[in-house]
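Here is a short briefing on one chain and its ligand. Please look over the sequence and the structure first.

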Amino acid sequence: MFIGREQELRFFEDKYNAPGGQLVVLYGRRRIGKTELLHEFAKGKPHVFYSCREITDGQQLAAFSERLLNADSPAAKYISVFADWEAAFKAFRQSIVQASPQAKTVASSAQPKENARKKPVQAASGRKRSSQ
Ligand SMILES: Nc1ncnc2c1ncn2[C@@H]1O[C@H](COP(=O)(O)OP(=O)(O)O)[C@@H](O)[C@H]1O
Ligand SMILES: [Mg+2]
């Protein structure tokens, strides 16, 4: 059961509803509730939740591709790994918009490993532009 964090959730909602793209860096000590907060915020919004690991860029792209393609992306029919990050994020956006044409997109990355080197957790949200 998720408890509290009203202020933090309001902050994320404000960013989510703000015009244009938004980048939020969320950081704090281990087990303080960063990942849980992001999950709670994403609840009910079309989203793909992906946690980065400390691996090479190529491996990261492969893992991100797999995560996206498992999330019912239309590209899953013909692609196993996206050629580059731009292609991956285009597919990400497409899958979100397909889920809900009025959807805003949310991207987040988090550090899941208990003993991984300390790094900030990041979350980004951006509103779908009406011209697209
Ligand atoms: N607001 C909350 N309400 C209830 N449980 C929470 C809350 N925030 C975190 N937790 C629990 O505390 C533990 C650590 O939270 P987590 O989000 O994994 O921390 P972090 O990502 O900062 O390392 C998890 O078991 C999580 O379910
Ligand atoms: Mg975490």
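The points below cover confidence, fold, core and ligand shell.

This is a predicted model: local features need pLDDT of at least 70, side-chain atom pairs count only at pLDDT 80 or more, and totals for chains, interfaces and linings use all residues. Residues are numbered from 1 along each chain as its sequence is written, while chains are lettered from A and ligands numbered from 1 in the order in which they are written.

**Confidence**
- The chain has a mean pLDDT (the predictor's confidence in each residue, from 0 to 100) of 78, and 70% of its residues reach 70 or more.
- Over residues 112–132, pLDDT stays under 50.
- Where pLDDT is low, the predicted coordinates should not be read in detail.

**Fold**
- Four helices and three strands (DSSP runs: H or I of at least four residues, E of at least two) make up the pattern α-β-α-α-α-β-β.
- Of the 132 residues, 20% are buried (20 or more other C-beta atoms, placed from the backbone, within 10 Å of their own).
- Helix 1 (residues 6–17) is hardly covered, with one buried residue among its twelve.

**Core**
- The largest nonpolar core (buried Ala, Val, Leu, Ile, Met, Phe, Trp, Tyr and Cys residues joined through C-beta atoms within 7 Å) has nine residues, including Val48, Phe64 and Phe92.
- Helix 3 (57–70) and helix 4 (85–99) each supply at least two of these residues.
- Helix 4 gives the largest share, four residues.

**Ligand 1**
- Residues around ligand 1 (C-beta atom, placed from the backbone, within 6 Å) include Phe2, Arg5, Lys34 and Glu36.

Key:
Expected span 1.5 Å × (residues − 1). Contact = placed C-beta atoms within 7 Å.
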